Amino acid sequence: YGSISHRLGAMDVEPFRHDNNNRHALSDKGDAARGVALKIESVQRTFTKRLSGLSTRTYNDRLSELKLETLEKRRLKNDLVMCYKLLHGQVESNFSNFFQLVNYTNTRGHNYKIAKQFSCVNAHKYSFPNRFVDAWNCLPADVVNAQTESKFKLMLNDVVLERFCVI
């Protein structure tokens, strides 16, 4: 919490941190939640702007300075971590209840590509099993095949995910 707690003094920073075990407010709301996502992101935007010495900086500069990510990127990373856990049997749920792996073997990248389900309904299109499939399928093989969850998370930090974020 280095620089952010220094700027906040005695204020409690914990509510602004995201724990991977807790789903945040944007869990499965669909595309209609884009407006909600923008509003929630604006809270973080406003909060970071009020911190001492950061008011004139751009939002991305403030996030970099505070070693934070956009809420959307954190959501995407947490979805990818949950997919990794499901795929590797670290969650008491069957992977096939959520996803179907692509059947052909001549895919580029890794061997755990997920078939994207077609949907006309936004609630389904942007639900957990669909919203991160493109990002998952573009991950390098060494990331997907990481031996442990912590290794996966570390390697995921080196992957550029911004192109899958709309905010």
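**Helix H3**

I looked first at the outward side of H3: the face turned away from its buried side carries Asn60 and Ser64, both exposed. The model I am reading is a predicted one.

I then listed the buried residues of H3, which spans residues 59-66, and found Tyr59, Arg62, Leu63 and Leu66. Viewed down the helix axis, these buried residues fall within an arc of 100°, so they line one face of H3. I noted the general rule beside this: an α-helix has 3.6 residues a turn, so residues three or four places apart point the same way.

I checked what follows the helix. Just after H3, lysine 67 takes a positive phi of about 60°.

**Asparagine 157**

I located asparagine 157 in the segment after helix H9, which covers 149-156. Is asparagine 157 buried or exposed? Neither label applies: its relative accessibility is 46%, and because exposed requires over 50% and buried under 20%, asparagine 157 counts as partly exposed.

I also looked up its distance to lysine 77. The two residues are 80 apart in sequence, and their C-alpha atoms are 8.7 Å apart in space.

**Whole chain**

I counted secondary structure for the protein chain and got nine helices and zero strands. Along the sequence the pattern reads α-α-α-α-α-α-α-α-α.

I recorded burial next: the chain has 167 residues, of which 37% count as buried. The accessible surface of the chain is about 10300 Å², with 50% of that belonging to carbon and sulfur atoms.

Last, I took the contacts between residues at least 6 apart in sequence; 61% of these join residues at least 24 apart.

Technical notes
Residues numbered from 1 in each chain as written. Predicted model: local features only at pLDDT ≥ 70, side-chain atom pairs only at ≥ 80, totals over all residues. Heavy atoms only, no water. Buried < 20%, exposed > 50% of the residue type's maximum accessible area, 1.4 Å probe, protein only. Helix = DSSP H or I, 4+ residues; strand = E, 2+ residues; numbered from the N terminus. Arc of directions from axis to C-beta. Contact = heavy atoms within 4.5 Å. Areas by Shrake-Rupley, 256 points an atom, 1.4 Å probe, with all protein chains shown as cover.
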